[in-house]
Amino acid sequence: MGLDEVTISKAIIEDFNKDLLNFLEVDVAIGGAGPAGLTAAFYLAKNGVKTVIFERSLRTGGGMPGGGMMFNKIVVQKAATEILKEMGINYSKYKENYYVADSIEATSALTYKAVQAGVKIFNLMEVEDIMIQREKLCGFVINWTAVRLSNLHVDPLTIRCKAGIDATGHDCGIVKNLEKRSKIKLNTSTGKIVGEGAMWAEEGEKTILENTKEVYPGLYVVGMAANAVYGTPRMGPIFGGMLLSGRKAAQIIIRGVRSSFFT
Ligand code: 48F
C-alpha cells in the first residue's frame with residue numbers, strides 16, 4: 001500500500017479545519033497553556049465545559065519546562081500534591097511542605113490530561129485582543145503568532161466564548177488589552193492593572209488564590225497573571241499556586257455554569 005503526499009496534506013488540513021470550526025464557539029476560552037491555564041482547562045473539560053486554549057508558543061507548559069534557571073525540576077507545596085496525584089505526576093518529598101517533580105514530566109502530564117479530558121489546544125496562535133459586547137467579555141480575537149513576529153499586517157479572526165481566562169503569565173496580556181480601552185474599570189484596588197510585586201514566594205503563593213477571580217465581567221485571571229493584575233509578588237519556580245489557581249478558576253466558572261450564569 002503506497003503513501004500519497006497529497007492525501008497526507010488533505011488529512012492534516014481537513015482535520016485541523018474541523019477542529020477550528022468546532023471551537024469557534026465555546027463555553028470557556030483560555031489564553032496561555034502554562035501550568036495555570038492547562039490546569040483550569042483540565043478541570044473545566046472534566047466537568048463537561050467546552051474549553052479551548054490558544055497558546056502563542058510552539059509548545060505548551062509556559063515557564064514550567066524550564067524549572068528553576070534551567071534545572072528542570074519544580075517545587076510544589078503539600079496543598080497541591082493532590083493535583084499532582086490526579087495528573088499522574090511523580091514527585092518526592094524533599095522536606096516538610098517541599099515536594100519535587102520533574103518539570104518535563106509535569107508539563108507533559110498537564111498537557112496530556114487536559115487534551116484527554118476534551119480540551120482543544122491551538123498552539124502557535126495568540127490572543128491579540130478581546131471582544132466586548134454589552135459590557136461583558138464575549139470573545140477572543142486570535143491570530144497566528146508568526147504574523148506578529150514577522151510584522152505582517154494581517155487581520156485576525158474572532159471566536160466567541162461565554163467566559164475567558166487570562167492565563168498568559170507575567171505578561172497578563174489579555175487584561176492589558178482590556179485595560180487600554182476607554183471606560184474600562186477592572187475589579188482591582190485601582191481599577192487598573194496594579195503590577196506584579198518583587199520575589200516573595202510565601203506571599204505570592206498565599207495571595208494567588210485570592211487573586212484568582214473575575215477581573216471584569218466574563219474575564220477571569222489565573223496563575224501569574226492573577227498576581228500581576230492584583231499587584232502581589234512573583235514566586236519563582238514553586239508551582240503549587242499555579243495548579244491550585246487553575247483549579248480554583250475552574251471551580252468558580254463551573255459554579256456559574258450550574259447557576260445558569262452561562263445561559
Ligand atoms: O508563563 P506561564 O507559565 O504562566 P502561568 O501558568 O505560570 C507561571 C509560571 O510558569 C512561572 C512562575 C511560577 O511560580 O512564576 O512564571 O501563570 O504560561 C503562560 C503561557 O501563556 C502564553 C505563553 O507563551 C505561555 O506559554 N501566552 C502569553 N501571552 C499569550 C500567550 C497570548 N497573548 N496569547 C496566547 N498565549
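These are my notebook entries on two helix contacts and the largest pocket of a predicted model.

**Entry 1: α2 and α4**

I looked up how helix α2, residues 35-46, packs against helix α4, residues 103-117. The angle between them is about 30 degrees, and their axes are 8 Å apart. Angles under 35 degrees count as roughly parallel, so α2 is roughly parallel to α4. I noted the hand as well: α2 passes α4 in a left-handed crossing.

Next I listed the residues that meet. From α2 I have Pro-35, Leu-38, Thr-39, Phe-42, Ala-45 and Lys-46; from α4 I have Leu-110, Thr-111, Lys-113, Ala-114 and Ala-117. Sorted by class, this contact of α2 with α4 holds seven nonpolar, two polar and two charged residues.

**Entry 2: α7 and α8**

I then turned to helix α7, residues 201-211, and its packing with α8. Their axes come within 9 Å and cross at roughly 90 degrees. The range 65 to 115 degrees counts as roughly perpendicular, and therefore α7 is roughly perpendicular to α8.

On the α7 side I found Gly-204, Thr-207, Ile-208 and Asn-211, which meet Gly-223, Met-224, Ala-226, Asn-227 and Tyr-230 of α8. I recorded four nonpolar, five polar and no charged residues for the contact of α7 with α8.

**Entry 3: the largest pocket**

I looked up the volume of the largest pocket and wrote down about 890 Å³. It is lined by 46 residues, of which Ala-167, Thr-168, Gly-169, His-170 and Asp-171 are the closest to its centre.

Which elements give two or more residues to this lining? I have the helices α2, α5 (145-149), α6 (173-179) and α8 (223-230), together with the strands β2 (51-55), β7 (125-133) and β8 (136-144). Two of these names link back to my earlier entries: α2 also packs with α4, and α8 also meets α7.

I closed with the classes: the lining of the largest pocket has 20 nonpolar, 18 polar and eight charged residues.

Terms used
Residues numbered from 1 in each chain as written. Predicted model: local features only at pLDDT ≥ 70, side-chain atom pairs only at ≥ 80, totals over all residues. Heavy atoms only, no water. Axes fitted to C-alpha atoms, helices over the stretch in contact; angles between N-to-C directions. Helix = DSSP H or I, 4+ residues; strand = E, 2+ residues; numbered from the N terminus. Parallel < 35°, antiparallel > 145°, perpendicular 65-115°, else oblique. Left-handed = near helix turned anticlockwise from the far one by under 90°. Contact = heavy atoms within 4.5 Å. Nonpolar A, V, L, I, M, F, W, Y, C, P; charged D, E, K, R; others polar. 1 Å grid on protein atoms, 1.4 Å probe; cavity = no way out; pocket = protein on both sides within 12 Å on 5 of 7 lines; lining within 4 Å. Points joined across faces, edges and corners; volume = space filled by probe spheres on them.
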